[in-house]
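Visitor: I would like to walk through this structure with you, one question at a time. Could you show it to me before we start?

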Number of protein chains: 2
Amino acid sequence: MLSEKTVERLSEYRRHLSDLQARGVTHVFSNLLAAETRVTAAQVRRDMMNLGLSGSTATGYSVSDLLEHLAGLLDHPHSTRVALIGTGNLGRALLAFFRARPGKAVIAMAFDSDPEKSNRVCCGCRVYPMDSLEARIREDEIRTAILCVPEQDANAVAQRLVNAGVTGILNFAPTRLKVGDQVYVDTMDISSVIEKVGYYAVRGTRAPGRK
Amino acid sequence: MLSEKTVERLSEYRRHLSDLQARGVTHVFSNLLAAETRVTAAQVRRDMMNLGLSGSTATGYSVSDLLEHLAGLLDHPHSTRVALIGTGNLGRALLAFFRARPGKAVIAMAFDSDPEKSNRVCCGCRVYPMDSLEARIREDEIRTAILCVPEQDANAVAQRLVNAGVTGILNFAPTRLKVGDQVYVDTMDISSVIEKVGYYAVRGTRAPGRK
DNA sequence: TCCAGCTTGTGACATAATTCACAACGTAAG
DNA sequence: CTTACGTTGTGAATTATGTCACAAGCTGGA
């Protein structure tokens with residue numbers, strides 16, 4: 001099992017590798033990949049080692065090899081189709097974002113409790129009423145969800161998602177979700193992050209431990 | 001200088017402490033604060049130690065003391081007034097978010113290159129044209145900015161922000177900003193995060209090292 | 001008064017993450 | 001062929017981060 005930090009780096013490697021491939025580059029050295037991202041060449045090589053990939057001292061790593069392995073790790077059918085809960089400002093921003101930047105992951109369905117918003121199409125995505133959440137998520141075997149509901153509803157909705165089979169939640173509500181240990185939750189707490197940025201901004205420095 | 005992880009925890013402590021204070025609680029034990037967040041009691045005590053704060057074995061830590069010290073660290077005048085660049089879907093979502101949840105940080109001004117959007121008020125915030133960016137940021141001594149512009153513009157705008165005196169950037173463009181080491185950047189890369197969530201979702205587990 | 005039962009503060013330890021540094025490799029040029 | 005150069009793969013060292021465990025503190029009740 002790879003660590004979170006490793007998975008984050010892999011995702012970033014992939015973006016640059018796709019770029020390189022689009023530009024016709026077939027092989028890449030660890031130091032080039034490292035320069036694009038913010039890691040050291042040794043870190044890149046270590047990650048490749050953890051993935052069981054190897055390169056050649058003469059030509060470096062094969063771009064297509066790397067992309068293939070990364071796709072195998074990151075593009076599971078259950079992870080690329082995600083559900084979005086809540087089509088408020090943020091939810092719509094995310095719908096637009098995913099539509100504008102068609103990566104592997106797509107928002108396959110959206111839900112909203114407001115009858116005004118559901119049973120419509122928003123940003124190219126069908127919005128369903130909350131009643132149908134469990135049924136539709138089960139039917140499509142969705143495992144990954146983005147939670148954009150108000151803070152006070154977050155836990156209840158999260159519970160419903162888990163009951164419907166969701167095992168990974170990207171939570172935008174500034175609250176800690178109480179779900180079982182078998183469910184992965186990443187909370188993006190904007191208030192918290194902006195406080196962190198402010199903290200280092202007034203001190204005029206990068207955080208300790210950053211390159 | 002506190003580490004990023006520490007600052008993140010402090011921010012979270014503060015949210016819960018505010019709650020407690022609002023409910024009239026005056027003192028708190030490390031284990032209670034730990035239960036609310038996702039850390040151990042020892043971690044809470046260690047953080048307090050790093051902050052130079054102390055509690056009493058009988059009553060725990062004083063909520064107001066903690067809040068006061070945390071405010072001293074997190075609420076610098078230069079960090080609570082932030083500029084927002086780009087009022088697309090995401091930018092508007094953030095304006096609405098900060099307006100709906102009035103914490104210490106507020107979006108003091110917004111900018112957009114589209115003449116249709118600038119020179120108006122959006123979500124309660126005045127939107128200025130990009131031309132005036134440097135002047136207004138300098139005048140208000142803004143040090144912290146949220147970047148919500150398209151990927152291809154991100155680096156150019158970041159450079160302008162830094163020239164205008166900004167030293168902390170919360171970047172939503174999925175690209176690494178090339179700024180000097182004295183500028184703190186936190187990139188929230190949604191694509192990357194959703195891939196991470198998907199990775200652990202299909203494997204049905206929390207990441208290693210999570211409690 | 002004195003003890004039981006909780007707490008804090010913290011040195012020591014444990015674990016995770018990253019970097020160093022170097023042997024082994026492979027190519028290109030001479 | 002052989003040397004010079006730049007690379008990979010990786011054990012070891014280093015740094016960062018989190019936890020343990022326990023002495024010492026405080027309070028309330030017997």
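Guide: Gladly! One thing to keep in mind is that this is a predicted model. Let us begin with a buried aromatic side chain: at 0% relative accessibility, Phe111(A) counts as buried.

Visitor: How is the pair of Phe111(A) and Tyr128(A) classed, and what is the angle between the planes?

Guide: The two ring centres are 5.9 Å apart, and a pair needs centres within 6.5 Å. Planes under 30 degrees apart would count as stacked and over 60 as edge-to-face. The pair of Phe111(A) and Tyr128(A) is therefore tilted, with an angle between the planes of 45°.

Visitor: Which parts of chain A does that pair tie together?

Guide: Tyr128(A) counts as buried too, at 15% relative accessibility. The two rings come from parts that are 17 residues apart in sequence, so the pair ties these together. The parts are strand 4 (residues 106-112) and strand 6 (residues 125-129) of chain A.

Visitor: Why is the pair of Tyr184(A) and Tyr200(B) classed as it is?

Guide: The ring centres of Tyr184(A) and Tyr200(B) lie 4.8 Å apart. Their planes are at 25°, and under 30 degrees is the cut-off that matters here, so the pair is stacked.

Visitor: Where do the two partners Tyr184(A) and Tyr200(B) sit?

Guide: Both of these tyrosines, Tyr184(A) and Tyr200(B), are buried. The pair crosses between chains. Tyr184(A) belongs to strand 9 (residues 184-187) of chain A, and Tyr200(B) to helix 9 (residues 190-202) of chain B.

Visitor: Which residues form one aromatic cluster with Tyr184(A)?

Guide: The structure holds eight aromatic pairs over all chains, and the stacked rings of Tyr184(A) and Tyr200(B) make one of them. The cluster around Tyr184(A) takes in Tyr199(B) and Tyr200(B).

Visitor: Which arginine has its charged end over the ring of Tyr199(A)?

Guide: Chain B offers an example of this kind of contact, with Arg136(B) over the face of Tyr128(B) at 3.8 Å from the ring centre. Over the ring of Tyr199(A), 3.7 Å from its centre, sits the charged end of Arg203(A).

Visitor: Which chain A residues does Ile190(B) contact, leaving aside its neighbours within four places in sequence?

Guide: Ile190(B) is placed in helix 9 of chain B and is buried, with a relative accessible area of 5%. Within chain B, its C-alpha atom is separated by 7.8 Å from that of Phe172(B), 18 residues apart along the chain. Its contacts in chain A are Leu94(A), Phe97(A), Phe98(A), Phe172(A) and Met188(A).

Visitor: Is Arg14(A) buried or exposed?

Guide: Arg14(A) lies in helix 1 (residues 4-22) of chain A. Its contacts include Leu67(A), Asp75(A), Lys104(A) and Glu195(B). Since the cut-off is under 20% and the relative accessibility of Arg14(A) is 9%, this residue counts as buried.

Visitor: Which residue is the bridge partner of Leu84(B) in strand 7 of chain B?

Guide: Strand 3 (residues 81-85) and strand 7 of chain B run parallel and are joined by four bridges. In strand 7 (residues 144-147), Thr144(B) and Ile146(B) point one way, Ala145(B) and Leu147(B) point the other way, and all are buried. The partner of Leu84(B) is Ile146(B).

Visitor: What is the hand of the crossover from strand 7 to strand 8 of chain B?

Guide: Strand 7 and strand 8 (residues 168-171) of chain B are parallel, with four bridges between them. Ala145(B) stands opposite Ile169(B) there. The chain passes through helix 8 (residues 151-163) on the way, and this β-α-β crossover is right-handed.

Visitor: Which residue in the turn between strand 5 and strand 6 of chain B has a positive phi?

Guide: Strand 5 (residues 120-122) and strand 6 of chain B run antiparallel with three bridges, and Arg120(B) stands opposite Val127(B). They form a hairpin with two residues between them. The positive phi, about 50°, belongs to Cys123(B).

Visitor: How far apart do the C-alpha centres of domain 1 and domain 2 of chain A lie?

Guide: Chain A is divided into domain 1 (4-73) and domain 2 (77-192). Its C-alpha trace spans about 60 × 45 × 35 Å along the principal axes. The two domain centres lie 31 Å apart.

How values were computed:
Residues numbered from 1 in each chain as written. Chains lettered and ligands numbered in written order. Predicted model: local features only at pLDDT ≥ 70, side-chain atom pairs only at ≥ 80, totals over all residues. Heavy atoms only, no water. Phe/Tyr/Trp six-rings, centres within 6.5 Å; stacked < 30°, edge-to-face > 60°. Buried < 20%, exposed > 50% of the residue type's maximum accessible area, 1.4 Å probe, protein only. Lys NZ or Arg CZ within 6 Å of the ring centre and 35° of its normal. Domains from an automatic or database assignment. Pairing = 2+ DSSP bridges. Right-handed = clockwise from strand over helix to strand, strands pointing away. Contact = heavy atoms within 4.5 Å.
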